[in-house]
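The following exercises concern strand pairing. Please work through each task before reading its solution.

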Amino acid sequence: MLKTLVRLLVLCAPLYALAASAPLGMQSPPDAIARALLGGRPGAIAVGLWRDDKAAYAELRRPAAGAAVASEPEGDSQLFEIGSITKVFTGLLLAQAVERGDFALDDTLGKLLPPLLPAPQALKLSPEVAAITLRQLVTHTSCLPRMPANFPDLNAANPYPGYSRAMMLAELSALKPQRAPCAVEYSNFGFAVLGELLSLRYGQPWETLAVERIIKPLGMSNTFQHLPKRIAERVRVAPPFSGDAPASPWDFDAFAGAGSLRSTAPDMLAFGRALMAGRGGPLGAAAERALQPLAPMNGGQIGYALMMRGPAERRTYFHSGGTGGYRSQLLLMPDVGQAAIVMVSNAEANADAFGADVLAARYTINDTSIALDAAALPEYAGVFRADAKIAFTFVVQDGKLYGRLTGQGFTALTPAAPDVFTLPQYGAEFTFGRENGKVATMTLRQHGGQIPARRTAEPAPALAFDQAITAERYAGHYLSNGEGAPKLDFDVRAEGGQLSARLDQQPLLPVFPVPGKADRFAWDVVAAELQFERNAAGAVTALALHQDGRTIRATRAANAPAAANTGAPAK
């Protein structure tokens, strides 16, 4: 497993997420939401809605081959891994600690960590790591990387249980990051550190803290890190899938606070309602604190792990999650007394699509369209950068302007007004700004947030789509032989002149042609490239992954075409 390419917990809050085929909303029947999001995929899905002061649920289960079976989740709920929604529990544990006076948000790792470690464990931190605060950890502004450099090459099907506290402390001792605060960089490692810090402070495992301080007080009898030995609980775990292929459950050690929990729709709806109740609810002042913004994030704000969009009086709180075969999203709207939880046991199901529809309805954009002379489009083409990690790329092709965000594919934009284009299906509006009459800036407005970006000198590709990129030419499964490297399954897909690829149970991400290099494609979210190899007859028969100075070859499997690309943007 190549740790720099593996996106081990799905990044939450995509800047724009694919909407369902027909818009869904809080007044939609839960079973309609479940059927739309699961589609024809195998697996299970649970939907829970709190609206009009009562709960509504639906659950569907579809075996690997067969029709969907509906059930009532309250009496027979299946358990799902909730992935990064676990971070909201860790954030709430920190809010409780701050309320007690046990921690302050501006406490640093240098102040807290060394005294909490057992006597034989000496810890020497660089000045940069020692200066990291709890506020920076909980808001992803600590400068810590997404994943630690010493994350081992373990089983990609269940990657986390081998990473221990000792390995975490060793990595913290070796790190010399940029001095915080940094621009937001989502960090699973940062939340793992925060979870272990809470564990050290109270002398209990993270799981025990979550159970005693959140799960039991809220009566969440079906929320666990480690499943009970009772057979009934194990039978109720929704079998995970990645597309049509079975996936594996994930287990955690030192990363428990970043993504370890399993839960049900009724339990998660109870958790969401308790947060919305604020100071007057069962979580008391810590719930009110957890909903307060602490830092900007992706065009919105972030508090104690919860993402936020919209103005203070009409704020939406949310967090998404994903592990190898599960996707989930939690939505809270206190101003209208509504909450929602979606959990699905197939990594290809877009759980965020429901939230995208809800946000698009709450925070509307320009819904007009105008005729625009194609000759005017080239002035908008180029690369506009929001920060070191996020860029918007615009390309003119076939008389249309296409745009994409880092980690996502191109989509045609609709002219809505002078210098304004929209993606109505995403609830996204792009407004270009001029300086001295020339297009120099761009601002994305979407879902109650906005992200400004400025034109750069970076070259944009000549084409958004290349009709030479076809499924027949590139798509399929490519299998490594495992000699001197991990055994990997590369799933390559092509649709509409764009190519996407993934390894094993990782998210499907677009790859883009490397200029001047035939059959070579690169990810834009990580420094890694794929070189396709041809036989004497010119047919693609293998690929080579180039990353971190390593090369891994994989052979194209015979009679193993990839499924159709859903076109869903990466999270």
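**Exercise 1: from β19 to β20**

Identify the bridge partner of Val420 in β20.

Solution. The bridge partner of Val420 in β20 is Thr431. Strands here are DSSP runs (E, at least two residues), numbered from the N terminus, and two strands pair if DSSP finds at least two bridges between them. The model is predicted: local features need pLDDT of at least 70, side-chain atom pairs count only at pLDDT 80 or more, and totals for chains, interfaces and linings use all residues. Residues are numbered from 1 along each chain as its sequence is written, and side-chain values use heavy atoms, without hydrogens and water. Next, β19 pairs with strand β20 (residues 428-435) in the antiparallel sense over 4 bridges. Finally, their hairpin has 4 residues between the strands, and Gly427 takes a positive phi near 65° there.

**Exercise 2: the neighbours in the sheet**

State which strands are the edges of the open sheet of 9 strands.

Solution. First, the strand order is β17-β16-β15-β14-β22-β21-β20-β19-β18, with antiparallel pairing. The edge strands are β17 (411-412) and β18 (414-417), each pairing on one side only. From β18, 3 bridges lead to the antiparallel strand β19 (residues 420-423), where Thr422 stands opposite Thr414. Further along, β20 and strand β21 (residues 438-446) are antiparallel over 8 bridges, with Arg434 opposite Val439 in β21. The hairpin of β20 and β21 has 2 residues between the strands, and Asn436 in the turn has a positive phi of about 55°.
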